[in-house]
There are 2 protein chains.
Amino acid sequence: MTESNTNRVNTKVLADFKVGVDNVIFSVDTKQNRLLVLLSKRKEEPFQGYWGLPGTLVRQGESLEQAAYRILAEKIRVKNLYLEQLYTFAGPNRDPRESPHSFGVRYLSVSYFALVRFEEAELIPEPSNNITWYMIEKVPQLAFDHHQILQYGYQRLRNKLEYSPIAFEVLPELFTLSDLYQFYETILGNNFSDYSNFRNRLLKLGFLLDMGIKVTRGAGRPASLYRFDPVAFAPLKDKPMVFI
Amino acid sequence: MTESNTNRVNTKVLADFKVGVDNVIFSVDTKQNRLLVLLSKRKEEPFQGYWGLPGTLVRQGESLEQAAYRILAEKIRVKNLYLEQLYTFAGPNRDPRESPHSFGVRYLSVSYFALVRFEEAELIPEPSNNITWYMIEKVPQLAFDHHQILQYGYQRLRNKLEYSPIAFEVLPELFTLSDLYQFYETILGNNFSDYSNFRNRLLKLGFLLDMGIKVTRGAGRPASLYRFDPVAFAPLKDKPMVFI
């Protein structure tokens with residue numbers, strides 16, 4: 001094994017792989033307008049003591065999704081966690097364990113993505129306190145190529161916000177249009193869109209229901225509370241549309 | 001190895017994998033309005049003699065993309081082939097070689113996707129004549145879970161047509177709006193959209209250039225020739241938009 005691995009190019013020998021799953025779990029703290037990502041501190045080599053995406057290696061008889069949910073169940077309790085496959089990273093030399101001086105086996109990573117409701121997500125405490133939410137701007141140097149995986153996940157999150165009603169899965173049930181705009185801004189950045197264009201476009205799509213209730217936020221004028229109407233959205237589900 | 005593999009559930013033993021790449025290559029024959037997919041006949045077990053997506057197993061030192069391009073270079077010559085990663089399939093028992101009575105190793109498949117220009121794609125002849133374009137409606141029973149991979153690729157193609165200018169990469173340089181509508185209809189199905197809505201929406205996006213030339217197709221009235229204008233499209237590139 002070691003011998004054939006040192007002969008890396010022009011060989012027709014098949015590569016042997018272990019397969020890992022790595023989860024990019026985002027959340028938005030709507031009170032403080034912060035976009036967060038779930039990181040876990042590695043207890044073992046390689047990259048012991050580094051932060052990384054919560055992941056694990058796939059066991060015999062286990063599907064990729066089973067492995068991804070298994071590791072998350074050890075780290076976080078949250079309702080309605082739907083993982084979506086993100087991307088597969090598998091270039092040679094992405095893991096130091098691939099070295100012929102180590103195990104000499106390739107490590108492929110299939111990444112998964114989810115956005116969860118911050119208020120409902122409960123981190124599972126461990127003595128080593130090795131799981132936490134990081135603000136996206138303050139993510140430290142990560143293990144392996146996890147920074148690249150995180151960037152890929154962040155781009156997917158932005159795309160989903162632009163093309164799908166994912167925001168309504170994690171916003172509070174009732175929200176003002178300004179809350180919704182603020183949520184989008186927390187993820188997409190300041191001035192991602194003119195507020196009144198955003199407001200008009202969303203209302204025109206026809207699935208935001210005015211609840212006939214006004215609230216006052218801070219010093220602002222009273223604003224109407226809306227909710228997402230899944231019944232009005234159903235016929236639009238498979239139609240291409242943009243939200244911003 | 002065989003022993004531990006028979007103990008499939010509740011084991012903490014890591015699974016060993018071989019990794020394959022499978023390519024979903026689409027093309028549109030615009031003369032006959034047919035959507036085509038590239039299939040290859042398998043020369044070896046398992047599924048010997050069955051049609052399947054052109055794929056191969058990843059070798060030592062090789063990236064996934066390298067493996068995907070390597071196998072396609074043996075099957076087809078085409079300008080501007082850009083593969084895009086599609087999805088990773090890796091459930092246990094997706095490949096008969098996973099059986100403990102066979103190699104006892106899992107087989108993961110990373111699929112790739114491309115749409116190529118039919119006129120420029122040249123299949124590489126082999127004595128066994130084992131590569132061909134199949135009309136999407138006439139695809140036979142495929143090896144492994146390739147039908148599922150193909151369905152996933154077909155959905156990606158439809159999405160890309162709805163949200164990105166992929167059509168202009170493979171249409172002839174000059175086309176009428178009716179040619180463009182016909183291209184969309186070949187992929188998305190009859191009446192995917194009202195023709196005049198489609199026409200208006202596309203013209204409003206502002207990147208179709210009227211060449212000031214009229215042509216007559218069959219018995220129809222003379223129609224203007226357009227071309228896609230990459231300069232007008234550039235500022236829109238990262239803006240979410242829908243084409244239908």
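**Note on the two-chain model: cis prolines, chain interface and domain contact**

1. Pro46(B) is placed in the loop that runs between β2 (34-41) and β3 (51-52) of chain B. The bond leading into this proline, from Glu45(B) to Pro46(B), is a cis peptide bond with omega of about -5 degrees. The coordinates under review are those of a predicted model, and the points below should be read accordingly.

2. Chain A has a cis peptide bond from Glu45(A) to Pro46(A), with omega near -10 degrees. Pro46(A) is found in the loop between β2 and β3 (51-52) of chain A. Phe47(A) also belongs to the loop between β2 and β3 of chain A. Although Phe47(A) is not a glycine, its phi is positive, at about 65 degrees. A reader checking backbone geometry may therefore wish to view Glu45(A), Pro46(A) and Phe47(A) together.

3. How are the two chains related? A turn of 180 degrees, with a shift of 0.0 Å along the axis, lays chain A on chain B with an RMSD of 0.0 Å. This operation is the relation of a two-fold axis. The contact surface follows the relation: the same surface serves both copies, and 100% of the contact residues of chain A recur in chain B. Within chain A, the residue that comes closest to the rotation axis is Phe17(A), whose C-alpha lies at 2.5 Å from the axis.

4. The extent of the chain interface can be stated in residues and in area. Chain A contributes 37 residues to the contact and chain B contributes 37 residues. Between chain A and chain B an area of about 3400 Å² is buried, with carbon and sulfur atoms giving 55% of this area.

5. Which polar interactions are found between the chains? Two salt bridges are counted between chain A and chain B. A salt bridge joins Lys18(B) to Asp16(A), where the closest N and O atoms are 2.4 Å apart. There are also 16 residue pairs in polar contact between chain A and chain B, both residues being at pLDDT 80 or more. On the side of chain A that touches chain B, the elements giving two or more residues are α1 (2-6), β1 (17-29), α2 (64-73), β6 (84-89), β7 (106-117) and α3 (146-163) of chain A. By class, the residues of this side of chain A comprise 18 nonpolar, nine polar and 10 charged.

6. The domain assignment divides chain A into domain 1 (3-163) and domain 2 (173-236). The centres of these two domains of chain A, taken over C-alpha atoms, are separated by 33 Å. Their contact draws 11 residues from domain 1 of chain A and six residues from domain 2 of chain A.

7. The area buried between domain 1 of chain A and domain 2 of chain A is about 840 Å², and 71% of it is on carbon and sulfur atoms. Which residues of domain 1 of chain A lose the most area to domain 2 of chain A? They are Val28(A), Asn33(A) and Leu161(A), which together make up 58% of what that side buries.

8. Across the interface of domain 1 and domain 2 of chain A, zero salt bridges are found, while two residue pairs are in polar contact, both residues being at pLDDT 80 or more. The side of domain 1 of chain A that touches domain 2 of chain A receives two or more residues from β2 (34-41) and from α3 of chain A. Of the elements on that side, α3(A) gives the most, with five residues. The class composition of the same side of domain 1 of chain A is six nonpolar, two polar and three charged residues.

How values were computed. Residues are numbered from 1 along each chain as its sequence is written. Chains are lettered from A and ligands numbered from 1 in the order in which they are written. This is a predicted model: local features need pLDDT of at least 70, side-chain atom pairs count only at pLDDT 80 or more; totals for chains, interfaces and linings use all residues. Side-chain values use heavy atoms; hydrogens and water are left out. Contact means heavy atoms within 4.5 Å. Buried area is the accessible area (1.4 Å probe) that two parts lose on being put together, summed over both. A salt bridge is a side-chain nitrogen of Lys or Arg within 4 Å of a carboxyl oxygen of Asp or Glu. A polar contact is a pair of N or O atoms within 3.5 Å; within protein, one must be able to donate a hydrogen and the other to accept it, and residues adjacent in sequence count only if both atoms are side-chain atoms. Helices (H or I, at least four residues) and strands (E, at least two) are DSSP runs, numbered from the N terminus. Ala, Val, Leu, Ile, Met, Phe, Trp, Tyr, Cys and Pro count as nonpolar, Asp, Glu, Lys and Arg as charged, and the others, Gly among them, as polar. Copies are superposed by least squares on the C-alpha atoms of residues with pLDDT of at least 70 in both. Domain bounds come from an automatic or database domain assignment.
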